[in-house]
Amino acid sequence: MTEEARRSPLHDAQIAAGAEIVWEDGWPWAMTVGDTALNEYEAIRGATGLWDLYSTIKYEVTGPDAGRLIQRRFTNDLSGVGAGQVRYGAFVNGDGLMVDDGNVYKHSDERYWVMINTAGLEGWFRETAGGLDARIEGRTEELPMISATGPTSRDLVQGLTGLDLSALGYFRFEPEPARVAGVETTVLRTGFSGELGFELVTDPDSAPALWSALIAAGGKPFGLEAIDIARVEAGLIIIGLDYQPGETSPYDVSLDRFVKLGTENVGSEALAAVASNPPKRLKTLQIHGEAAPDAGTIVAKDGEEVGTVTSPVVSPRLGTIALAVLSTGVATDGEKVDVGDTVATVAPLSLFDPEKRRPRT
């Protein structure tokens, strides 16, 4: 499929606002939307930022065994999840290595949404679906999604809907569509910024009207450059940067609490072998200098390689920081390491709001 065929329903509105669009694996993402990355970042941290998530890859899984089909690839436990609940976790192969990460949304016992990063995985899921009555279909282009995130996001969205957003808990969603700015919308409360936030899923024809209404209510569009600062501050990972598909264990990126052993997951045995003594950890580095190192820069201790920088940024609030995968022996808060010619201090994975109080507000 051509890039033109995969244009977001919000493409024209974002281009008119000055957006810079890039295509990754054939899917469009805005880098910025007519302003600097820092100004767009400040909307996320201080008001309400709006992010076009059309290119988040969305699958719908249906049938009596829908939950089991997902569970065979998913590291978190779906057995106790009720309608309207969401679980985050890794999606792994039989060796317990990550192929992707993302959220599972349960509509009912026979209907789920899976939102991850990689398109074309229907066949991969079906490889482990033997004996199950379940179907998985790609729905990405049918389900455009807008993120409204930031400390004022609830008030902004609440002004456009009769749905009581104060009753919608963190990592919950409303399975029944509501009207938001007059548009039929499924309202999710997850997020990728370390802030209070909502995702609004609608249809391609309605998405531009919803986008315009959110901007008119005070939302400010942002792109990947702004969210990259926010998500590194919050210790959130991205495929291809912080982990490599088919190479990285969930334990390498400190997803321990999202790995539940003893489920039907095909990688459970391999994961159990690593669980008690993971060789690597994902941590934040506070870098003692203004310039951010390149992704892939070696982290050293006493002249020996002990890790790799994965996601470096310069944060307006926290200075120069980076996510890094480190050998467990040096992944201790306060440890001093070398990043190129610069000293860095190992710090908690989430430097911004480490107890996640803001998104839970």
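**Exercise 1. Work out how Thr-161 is held in its loop.**

Start with the polar side: the side chain of Thr-161 reaches the backbone nitrogen of Leu-163 at 3.1 Å, which fits a polar contact (N or O atoms within 3.5 Å, one able to donate a hydrogen and the other to accept it; residues adjacent in sequence count only if both atoms are side-chain atoms). A quick note on the model: it is predicted, so local features need pLDDT of at least 70 and side-chain atom pairs pLDDT 80 or more, while totals for chains, interfaces and linings use all residues. Residues are numbered from 1 along each chain as its sequence is written, and side-chain values use heavy atoms, with hydrogens and water left out.

Next, place the residue: Thr-161 sits in the loop between helix 5 (153–158) and strand 10 (172–173). Helices (H or I, at least four residues) and strands (E, at least two) are DSSP runs, numbered from the N terminus.

Then check burial. Thr-161 has 10% relative accessibility, so it counts as buried; the cut-off is under 20% relative accessible area, with a 1.4 Å probe and protein chains only.

Last, list its contacts (heavy atoms within 4.5 Å). Beyond neighbours within four places in sequence, Thr-161 touches Ala-178, Arg-179 and Val-180.

**Exercise 2. Describe strand 13 and its partners.**

Begin with cover: five of the five residues in strand 13 (197–201) are buried. Now split them by direction. Gly-197, Glu-199 and Val-201 point one way, Phe-198 and Leu-200 the other.

For partners, recall that two strands pair if DSSP finds at least two bridges between them. Strand 9 (145–149) runs antiparallel to strand 13 with five bridges, and Ile-146 stands opposite Leu-200. Strand 12 (183–189) is also antiparallel to strand 13, joined by three bridges; here Leu-188 is the bridge partner of Glu-199.

**Exercise 3. Map the largest nonpolar core.**

First the term: a nonpolar core is a set of buried Ala, Val, Leu, Ile, Met, Phe, Trp, Tyr and Cys residues joined through side-chain atoms within 4.5 Å. The largest has 37 residues, and Met-98, Leu-188, Ile-237, Val-253 and Leu-255 touch the most other members. Several elements supply at least two residues each, including strand 2 (27–33), helix 2 (37–46) and helix 7 (224–233). Helix 7 gives the most, with six.

Now zoom in on Ile-237: apart from neighbours within four places, its contacts include Tyr-88, Met-98, Phe-192, Val-253 and Leu-255.

Finish with the other core: a separate set of 24 residues includes Trp-27, Ile-57, Ile-70 and Ile-116.

Terms used. Buried < 20%, exposed > 50% of the residue type's maximum accessible area, 1.4 Å probe, protein only.
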